[in-house]
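User: I would like a close look at a single part of this model, followed by an account of how that part sits in its surroundings.

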Amino acid sequence: MATPIDLHEVAEREREARFRTPWRTKVCNSTACASAGSGAVLGAMRNLVDEEMALDVTVVPTGCMGLCSAGPMVRVLRRGGGEHAYGRVDSEVAVQVLRSHVEHDQPVADHELDDEMPFFARQERIVLANGGIIDPDRIESYVAHGGYSALEKALTTMTPAEVLEQIRLSRIRGRGGAGYPAANKWSLLAAADGDTKYVVANGDEGDPGAYMDRTIMEDDPHRLLEGLSLAAYATGAGHAYIYVRAEYPRAVERLDRAIRVARRNRLLGRRILDTDFDLTIEVRIGAGAFVCGEETALMASIEGRRGTPRLRPPYPTEHGLWGHPTMINNVETLANIPAIVGRGGEWFASIGTPDSTGTKVFALAGDIVNTGLIEVPMGTTLRDIVEEIGGGIAGGRPFKAAQTGGPSGGCIPAEYLDTPVDYDSLRELGSIMGSGGLIVMDDRQRMPDVAKFFMEFSMDESCGKCTPCRAGTVQMHHLLDKITSGTGSYRDVRDLENLCAVVRDTSLCGLGQSAPNPVLSTLHYFKSEYDELIGVDDA
Amino acid sequence: MTASKDPEVARPRIATVWLGGCSGCHMSFLDTDEWLFELAARADIVYSPIADVKAFPDDVDVCLVEGAVANADNLELAHELRAKSKLVVSFGDCAVSGNVTAMRNPLGDPRAILEHVYVEAPDRDGVVPGEAGIVPELLPRVQPLHRVIDVDVFLPGCPPPAERIVAAVEALLAGERPKRSGESIRWG
Amino acid sequence: MMRERRRTLTVSFDGVEVDAYVGESVLQCARRHQVDIPSLCFLEGLSVYGGCRVCVIEVAEDLRLRPACATTVAADMEVSTDSPRLKAYRKAIVELLFAEGNHVCAVCVSNGNCELQDVAVHVGMDHVRYDQRSPMRAIDASHPKYLFDPNRCILCTRCVRVCDEIEGAHVWDVGSRGQQAVLTTDLNQPWGTSTSCTWCGKCVAVCPTGSLSYQGTAVGEMHHDPKMIVRLAAARRGEWIDPEEYR
């Protein structure tokens, strides 16, 4: 058995190595930047450094820096302080940055980004703390930034009950959508009978435009492993799964590697860090079904069966994987755990609002200047997110609506821009927090089209088990199709409203129950657009 | 039943229409036997496939519509009868649900079906019948009557049994809505 | 009868108090007391599926609807089986079923002996408000003895469950998803080529519609026999029950 990693030594060594060279450039190699060409940027920089030994710079690939609309992003750091951010870097600009900034200390003004701009300055990063900072493929990089110190603290100085108490104090709610208090789930699993218990990380992120969980899994995989380990320790589970959708091959690859490395360093497996705590973690890959984000369908899929939800009760903590008590947490929830255990539940609870503590990661998308990944304290107003952090609507057009919660959420109109973004405020507005997709729309978007888009999504993703969701989403989509194509009537709108109630109230799982939300919220806030399409006056 | 405005013609005016169906519902209507005499004593049949009337008349009180809406003529007549009738009854399963007439819908484009039947079949003369003004154009999809016009009463059954027809028409003549529950609404 | 010794508690259906056995479902209890809650996917003796959603009920003031088949009775539970909301929802669900398949009663082997037809009558469905989807679904007539017509299938999965749970063959399963969901035999091969099918016919016996039938059956001639399975499943459990109590 290998000796466990000496976290302090590794961190020390890593920190010393950090400024072996006076300059460091970090290249965002997250999926968004990679698809914008960060691979070429990285290659160009490395080639130049290899060719010219005089260039005293280290080139490091990192995870997501956040501002995806300005990708590929590069950061230049100087020993002793000083950091510059660059956007829209291609291989030519990359060479320019090395030549001008690194060689002659002359920043390249054309591509420089203002680090004080609200997009960067207004964020508070817990989950994404390492984004754009560490090299996701190197455990040393994570450890040097405090990684695994919470696990070490928990295993060596805290009982499982004490860990759970910190989660309770943090009042963190599930980041997957519904916002169920995490500590309640954890307590149920901790109290469940049985020698075999499971914890599962739900990485079946499926909302259109959302990529919070993908980024965590790809760019900071050890944070998820540490969060899962803490969850397993607190609840008495000896085995964990990370359920990742098949569309995230990079996340699977990075997690697999992280698990291997963690095992080698005795951060997983038997007698973790020489304590009595054992844990194995396995990655399970979904087969491309949105519904597998639902707990019971996810479990069926892990067991190798058709991914359809089943009736609850019994709940997973009573009867989960292969009949054993099981707890399923969203990836972002688990990624918060190391910080909560490390810095204390009360610290976490001081961030955000009393009922929605901590921060939330959002994938900002749509008709907005700054699209990308942001992390803000709960309770930040929609206006701050859209106008400040997001930089306002692209092209200076008026804001029309913000869509949160994906196919289970709703559209929030301009008059509610000052609403604090937290679980309960969004619910009151007929939307939900969801997993963190936030699509901003300008005045050109027709809301019935938006409703139809999401209904098509729900219709395609319905598993087909229960009648209202399987057949009801088809009929609702058909009615929306008629209405948006201008051939609908007031009766179609009435039938649509009735079907919304039927599907919402009688569907088996959350997918069906929430599928009408985009329709209901647009009917509520933008009824006149429906009326126009069916040729009815406002009167 | 509210009578016509003119006291001279206070007798209820009944029409029966045959759209895309097999005429079985009308057979069942005839199966009401001697009740037809009672009906004739109380009401006028002003339009029907069993009466030689060319144009659909105005001021119809009750219109029983057999058959689904399958072609352009059906569609035109459906709109006309709706405009000229106080109460429209979907009479039998084809009018109510499309039924057998609508079984072509899963096959898609009716032109492909005609092609298959009249051209590709070995014992035909290889021509799709299409006399302008005589053979009506098939609609892309066969529709139940209520998907095309407003329908007031549904009288399912393939065909609706004679007793069901009598009960429904009697109720309508008495100014009531027929029962919409129990066995009286069973399809098939 | 074993039943006599079972512990009881009191529940009420639409204000009428009745005895319920501890552990039984609301639907089972209702059936014993001739309280008619319509259902389609439920069959006594098979596992509870909860997919058709026709048996939804309300419990006391709780706004959340629950399927009666999957709700266990509790002491003093006040069940509403027939509120205006439930009636409207059930009717809508049955209409959705009729709109999604190709249910042409007039030419169906089960015409007159069909649970879907019966439920439609029960909920008062005299027409379907929704658009007929008219899907194109191929019939599987490859089995020498039986015939599967997916046009009449409502995906209740009674056949899947009886084949797996009672016969132990697991010939049937559900393939694809959403509106494309369809029953499959073996690994989506023609039923007639199935090497796992035992020809026992239990799937045909439990089918609530004309989807599974005997080869050569004409319109209205098909009589299914789900009660045979109810009896068989009870016998397997070592119980005797009166199948007339159950559908």
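Leaving aside its neighbours within four places in sequence, which residues is T32(B) in contact with?

Analyst: The model is a predicted one, and what follows should be read with that in mind. Once the neighbours within four places in sequence are set aside, T32(B) is in contact with A162(B), I165(B) and V166(B). T32(B) itself sits in the loop of chain B that links α1 (24-30) to α2 (35-42). A further long-range relation involves P161(B), which is 129 residues away from T32(B) along the chain, although the C-alpha atoms of T32(B) and P161(B) are separated by 8.8 Å. As for its surroundings, T32(B) has 18 other C-beta atoms within 10 Å, and since a residue needs 20 or more to count as buried and 12 or fewer to count as exposed, T32(B) is classed as partly exposed.

The loop belongs to a chain with 6 helices and 7 strands, and the order of these elements along the sequence of chain B is β-α-α-β-β-β-α-β-α-α-β-β-α. The radius of gyration of chain B is 18 Å, close to the 16 Å that the globule rule gives for 188 residues, so chain B is as compact as a globular protein of that length. Its C-alpha trace spans about 55 × 35 × 30 Å along the principal axes of chain B, and 37% of the 188 residues of chain B count as buried. Contacts that reach across the sequence, like those of T32(B) with A162(B), I165(B) and V166(B), can be set beside the figure for the chain: of the contacts in chain B with a separation of 6 or more, 79% are accounted for by residues 24 or more positions apart.

Chain B also contains an open sheet of 5 strands, which pair in parallel in the order β2-β1-β3-β5-β7. At its edges are β2 (44-47) and β7 (153-155) of chain B, each of which pairs on one side only, and the twist from one strand to the next averages 30°. Within this sheet, strand β1 (residues 13-18) of chain B runs parallel to strand β3 (residues 60-66) of chain B, and 5 bridges join the two; in this pairing, A15(B) has C63(B) in β3(B) as its bridge partner. Helix α3 (residues 72-84) of chain B packs on the sheet, where it touches β1, β3 and β5 (85-91) of chain B, and the direction of the helix makes about 135° with that of β5(B).

Beyond its own fold, chain B meets chain C, with 24 residues of chain B in contact with 20 residues of chain C. On the side of chain B that touches chain C, helix α4 (residues 93-97) of chain B gives the most, with 3 residues, and the residues of that side divide into 11 nonpolar, 9 polar and 4 charged. Chain A and chain B, by contrast, do not touch, and their nearest C-alpha atoms are 11 Å apart. There are 2 pairs of chains that touch, and the most contacts among them are between chains A and C.

The partner of chain B, chain C, has 6 helices and 9 strands. With a radius of gyration of 18 Å, close to the 18 Å that the globule rule gives for 247 residues, chain C is as compact as a globular protein of that length. Among the 247 residues of chain C, 47% count as buried. Chain C is divided into domain 1 (2-86) and domain 2 (102-229), whose C-alpha centres lie 26 Å apart. Across this division, 11 residues of domain 1 of chain C are in contact with 17 residues of domain 2 of chain C, and the side of domain 1 that touches domain 2 comprises 8 nonpolar residues, 3 polar and no charged.

One element of chain C offers a contrast to the partly exposed T32(B): helix α3 (residues 115-123) of chain C is mostly covered, with 7 of its 9 residues buried. Its buried residues are E115(C), L116(C), Q117(C), V119(C), A120(C), V121(C) and V123(C), and what covers them includes α2 (84-100) of chain C. Just after α3(C) comes G124(C), which takes a positive phi of about 80°.

Conventions:
Residues numbered from 1 in each chain as written. Chains lettered and ligands numbered in written order. Predicted model: local features only at pLDDT ≥ 70, side-chain atom pairs only at ≥ 80, totals over all residues. Contact = placed C-beta atoms within 7 Å. Helix = DSSP H or I, 4+ residues; strand = E, 2+ residues; numbered from the N terminus. Nonpolar A, V, L, I, M, F, W, Y, C, P; charged D, E, K, R; others polar. Rg over C-alpha atoms; globule rule 2.2 N^0.38 Å. Domains from an automatic or database assignment. Pairing = 2+ DSSP bridges. Axes fitted to C-alpha atoms, helices over the stretch in contact; angles between N-to-C directions.
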